[in-house]
Each structure stands twice: as C-alpha cells, then as structure tokens.
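Q: Got a minute to go through this one with me? I'd like to hop around a bit.

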Amino acid sequence: MQYDMIVNGQSLRSYGFLVVKRPDRGTAKKKFLTNEVLAHDGTFYRDTGFFEDEEQTVEFNYLSDPDLWAEKLRKFREIMDNAKEVLFADDPHFFRKVKKVEIGSCERPVRRLGKVSAVFTFDPYDYYVPGYRYYRRPEEYRFNPMPNKCRPIYLIDGSGECTLTVNGYACRLIVPDRIYLDCEKQIAYDQGRGNRCANTDAVYENLELLPGENAISVSSGFSLQVMPNWRSR
C-alpha cells in the first residue's frame, strides 16, 4: 500500500499527492544555557528542560492532466499553507503540530508528472491522538500515560467564584458561565474566545499534568472537562 500522510485530518493520497519514500525523522535538540568560566576547562551547560523545533523534509509526486498541472500544484500549496496537524501513516496514534511549512521548487520531469518537496517545522513533541479531546469523567483525564508533562486545556462550567486544584496547586477564577484555561497558550478565554485573563490568577506551569496519576478537583457546583493533550518525546 502507498505510504500516506494525513494533514488536518485529510489524506494527501486522496488528493493525488504521493509520498516518494518514508521520511527520515529528525531529532529536536535540547535547549541549554551556556556559561564560559575562564578558570575552568570547557563550557558549563544547564539544561532548560525545553527543546528546539524539529524540521522534517518530505518529497511528493503527483500525476495530472497536462493542462491542469499548475492547478494541481496550487492545490498542494493551499493544503500546506493551512497545515496545522500532520499524522504519518506508520505512526497512526500520534500527530505532530505544524509551526510552518516551506515549499521547495516543483520539478516537471514529464508533462503529467510533478515532483515537489515540503520542509515542515514541527513542535518538538508527538501528541497522542486520544488526548486531543475533552473528557468529563476524572478517571479519564487524571492519569497521564505519557512519560512527559502535558499542557491541558481546562473547561469549567458554572457561574461565580471557583477554585481549580491540580496536584495541590489552587487556582482561583471567576467563571462567566464557561471559561477555558489553556496551559499551552497560557491564556484564559470564554466561549466566544474573548480574553478572560483578568478572571484568574493562574500560574499555568502549575496546572500541567505530570506523568502518571494526578489529583484534579474543582469547587462544588462547577463542572470540569479536560483536554489533556498527552505528549511524548
């Protein structure tokens, strides 16, 4: 079977864009702070706990009616310009978040054939597909099955003063019917995406979920849903 890539939930193969070969996987480098000390040999490095973005080049072929060759290429550019999430066929349980895509020049070896490459810049983590949805029951979101901390989105319904407690850290907030706390973007917003940062004293790093079991609770009278965004390196 022809190797495939899924972009924003759509198969590239279904559009007629075929991956030439399974792409090599790059390695995101750790971010280190360096310090040069004249009285010591070498350099001191301090691990920041963060990673650089990761680049990956993918080559594609496509066939087209000769008169529609350029139109097909424009479709490819449209897909890549809007790419936010990529899933590779040989790793179907994880997806990558796209930071940007750069498209190389397109070759035309024969009138019906096009060859084009795309350089993806990815977030350094692989995201577990089951973690990309909201869970209502605590037993569904308390346990982080991945070996890395994750940055969830908390969705709280209710009205008035509320406390969200995660692993002993108590976050206070005012809920206007519904509020979202997005640990990745470090922002609070309402149902209409209006900014609600003034409604909370959240320190978002303290709301991240640790590997394994987590203790999560919300004040009585409020309901909580969690999109855990489980991820792995």
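Q: Where does Lys-29 sit?
A: Lys-29 is in the loop between strand 3 (17-19) and strand 4 (30-36). Bear in mind that this is a predicted model.

Q: Is Lys-29 buried or exposed?
A: Exposed: its relative accessibility is 62%.

Q: And what's the C-alpha separation between Lys-29 and Gly-9?
A: 28 Å, for two residues that are 20 apart along the chain.

Q: OK, backbone next. What's up with phi at Asn-8?
A: Asn-8 has a positive phi of about 50°, although it isn't a glycine. For context, most residues other than glycine have a negative phi.

Q: Where is Asn-8, then?
A: In the loop between strand 1 (5-7) and strand 2 (10-11). Asn-8 is partly exposed there, with a relative accessible area of 37%.

Q: Which value does phi take at Asp-177?
A: Near 80°, so a positive value again in a residue other than glycine. Asp-177 belongs to strand 12 (residues 169-182), and it is exposed, with a relative accessible area of 56%.

Q: Switching to pockets. What volume does the largest pocket have?
A: About 330 Å³. There are 15 lining residues, and the closest to the centre are Lys-97, Tyr-132, Asp-182, Glu-184 and Lys-185.

Q: How does the lining of the largest pocket split by class?
A: Nine charged, five nonpolar and one polar. The largest share from one element, three residues, comes from strand 8 (residues 94-103).

Q: How much space is in the second largest pocket?
A: About 230 Å³. Its lining has five charged, four polar and three nonpolar residues.

Q: Which element gives the most to the lining of the second largest pocket?
A: Strand 5 (residues 43-51), with four residues. The lining includes Thr-48, Gly-49, Phe-50 and Phe-51. Also among the lining residues are Tyr-125, Asn-148, Lys-149, Arg-151 and Arg-231.

Q: Aromatics now. How many aromatic pairs does the count come to?
A: 13 aromatic pairs. One of them is Phe-120 with Phe-122: the ring centres are 5.4 Å apart and the planes are at 0°, so that pair is stacked.

Q: Are Phe-120 and Phe-122 buried or exposed?
A: Phe-120 and Phe-122 are both buried.

Q: And what's the geometry for Tyr-135 and Trp-230?
A: Tyr-135 and Trp-230 form a tilted pair, 5.8 Å centre to centre with 35° between the planes.

Q: Why does the pair tie together parts that are apart in sequence?
A: Because Tyr-135 lies in the loop between strand 9 (113-128) and helix 2 (138-141), while Trp-230 lies in the loop between strand 16 (223-227) and strand 17 (231-232). The parts they tie together are 95 residues apart in sequence.

Q: Does each of those count as buried or exposed?
A: Tyr-135 has 9% relative accessibility, so it counts as buried. Trp-230 counts as buried too, at 6%. The cut-off for buried is under 20% relative accessible area.

Q: Which residues do ring pairs link into a cluster?
A: Phe-17, Phe-60, Tyr-62, Trp-69 and Phe-76. Phe-17 also has a charged neighbour: Lys-72 lies over the face of its ring, at 5.4 Å from the ring centre.

Q: What lies over the face of Tyr-135?
A: Arg-133, at 4.1 Å from the ring centre. That puts Arg-133 over the face of a ring that is also in the tilted pair with Trp-230.

Q: Last topic, cysteines. How many disulfides does a search of the whole structure find?
A: Zero. Cys-150 is in no disulfide, and the nearest cysteine sulfur, in Cys-183, is 8.6 Å away.

Q: Cys-150: buried or exposed?
A: Buried, at 0% relative accessibility.

Q: And why is there no bond between Cys-171 and Cys-162?
A: Because the sulfur of Cys-171 is 8.3 Å from that of Cys-162, which is too far for a bond. A disulfide needs the two sulfur atoms within 2.5 Å, and the sulfur in Cys-162 is the closest cysteine sulfur to Cys-171. Cys-171 is buried, with a relative accessible area of 0%.

Key: Residues are numbered from 1 along each chain as its sequence is written. This is a predicted model: local features need pLDDT of at least 70, side-chain atom pairs count only at pLDDT 80 or more; totals for chains, interfaces and linings use all residues. Side-chain values use heavy atoms; hydrogens and water are left out. On a 1 Å grid over the protein atoms alone, a cavity is a set of points where a 1.4 Å probe fits but cannot get out, and a pocket is an open set with protein on both sides within 12 Å along at least five of seven lines; lining residues have an atom within 4 Å of a point. Grid points are joined across faces, edges and corners, and a volume is the space filled by probe spheres set on the points. Helices (H or I, at least four residues) and strands (E, at least two) are DSSP runs, numbered from the N terminus. Rings of Phe, Tyr and Trp (its six-membered ring) pair if their centres lie within 6.5 Å; planes under 30 degrees apart count as stacked, over 60 as edge-to-face and the rest as tilted. Buried means under 20% relative accessible area, exposed over 50%, partly exposed in between (1.4 Å probe, protein chains only). A charge sits over a ring if NZ of Lys or CZ of Arg is within 6 Å of the ring centre and within 35 degrees of the ring normal.
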